[in-house]
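Subject: Structure for you to look at

Hello,

Here is the structure I said I would pass on. Please open it beside this email and follow along.

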Amino acid sequence: MKNNLHKVIVIVGPTASGKSDLAVHLAKQIGGEIISADSRQVYKGLNIGSGKITQKEMGGVRHHMLDVANPRKVYSVEQYVKEAKKAVAEIIARKRVPIIAGGTGFYIEALIEGTSLPEVPPDKALREKLAKKTTEQLFTMLSKLDKTRAKSVDKKNRVRLIRAIEIAEKLGKVPKRKSKKNFDAYYIGVATNTEMLKAKIAKRLKARMKAGMLAEAKLLHKQGLSWKRMRELGLEYRFMAEYLTGKMSKQEMLEKLEIAINQYAKRQMTWFKRNKEIQWVSLS
């Protein structure tokens, strides 16, 4: 152990790059268990739309941090780190190798590097006021309050935008995150050609529609997930909520969603490229 820190393997990359398959293959080779690092796959019921790995795809490899939260409630990065650290400890106790795999860079950074945002309590009145604004208006607000945080935040993620504004309003700006490394990580990044990734994203979107992604969204709403909350969950769920509430046609939903997924993949790569420890490999 480096500096008394436990070793973990971390597999990162953009959406549709093949991270899950690589993680399962590696886990079988070295006796590992997988900890998902995906901000939507933590939620129960968000299966097809989030691209959650199936039991068959798991190939008998034990997975953690899937289906641990109620989609009606916001699951924080602090909750994720607490539960994921517990999963790592349990895996190590079983003499297995922890493999963290996912595309949510914020979750991975918080778990491995121990980065944390300041403890600013929620401001209900401010949140209600901000909830009435568009995502673009929220990003503009944050840009004026704190240019540095605006550069790193996912500008399509309303929950994170509102939280960043909340902290900036309270403290004047979002202070630099404090770090206390939790694990000694060996990073593997799944590299992919841009055009090839676009083709994979298009193919996967068609497959998800065929697998019943819209039926999943309807069921989630029937089970109590509001359209507002579904929009907050982003990407597939945001666009499906727009279509199912009559705000856009099915064709428009599919076209805009595909563009949004490609933009998300680009943001993921921008995030991961900051980490010079990542060893990039190509699966094609």
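A helix here is a DSSP run of H or I with at least four residues, and helices are numbered from the N terminus. R158 lies in one of these, helix α8. Please keep in mind that the whole model is predicted.

Is R158 buried or exposed? Buried means under 20% relative accessible area. R158 has 17% relative accessibility, so it counts as buried. Apart from neighbours within four places in sequence, its contacts are L130, A131, K133, T134, T135 and L138. L130 is 28 residues away from R158 in sequence, and their C-alpha atoms are 9.4 Å apart.

Now the whole protein. Its secondary structure consists of 13 helices and six strands. The C-alpha trace spans about 50 × 45 × 35 Å along the principal axes. For 284 residues, a compact globule would have a radius of gyration near 19 Å, and the protein agrees, because its own value is 19 Å. Buried residues account for 48% of the 284. If you take contacts between residues at least 6 apart in sequence, 75% of them join residues at least 24 apart.

On the outside, the accessible surface is about 15,500 Å², and carbon and sulfur atoms hold 52% of that. There are 59 positive and 28 negative charges, and the mean positions of the two sets are 0 Å apart.

Next, the strands. Strand β1 covers residues 7-12, and five of its six residues are buried. Which strands does β1 pair with? One is β5 (residues 184-191), which runs parallel to β1 and is joined to it by six bridges. Within this pairing, K7 stands opposite D184. Another is β4 (residues 97-101), also parallel, with three bridges to β1. There, I9 has I99 as its bridge partner.

Helix α4 (residues 105-113) is worth a look after that. Why can it be called largely enclosed by the rest of the structure? The reason is that eight of its nine residues are buried. These are G105, F106, Y107, I108, E109, A110, L111 and I112. The cover over them includes the strands β1, β4 and β5 and the helices α3, α8 and α13. So β1, mostly covered itself, also helps to cover α4, and α8, the helix that holds R158, is part of that cover as well. After α4 comes G114, with a positive phi near 75°.

Last, some backbone angles. Most residues other than glycine have a negative phi. Two residues to check against this are A16 and M65. A16 has a positive phi, near 70°, although it is not glycine. It sits in the loop between β1 and α1 (19-30). A16 counts as buried because its relative accessibility is 17%. M65 is also a residue other than glycine with a positive phi, in this case near 65°. Its place is the loop between β3 (63-64) and α3 (77-93). With 6% relative accessibility, M65 counts as buried.

To find your way around, you could begin at R158 in α8, go on to α4, which α8 helps to cover, and then follow β1 to its parallel partners β5 and β4. From β1, the loop towards α1 leads you to A16.

Regards

Note on methods. Residues numbered from 1 in each chain as written. Predicted model: local features only at pLDDT ≥ 70, side-chain atom pairs only at ≥ 80, totals over all residues. Heavy atoms only, no water. Buried < 20%, exposed > 50% of the residue type's maximum accessible area, 1.4 Å probe, protein only. Helix = DSSP H or I, 4+ residues; strand = E, 2+ residues; numbered from the N terminus. Pairing = 2+ DSSP bridges. Rg over C-alpha atoms; globule rule 2.2 N^0.38 Å. Contact = heavy atoms within 4.5 Å. Areas by Shrake-Rupley, 256 points an atom, 1.4 Å probe, with all protein chains shown as cover. Lys, Arg positive; Asp, Glu negative; His and termini not counted. Charge placed at Lys NZ, Arg CZ, Asp CG, Glu CD.
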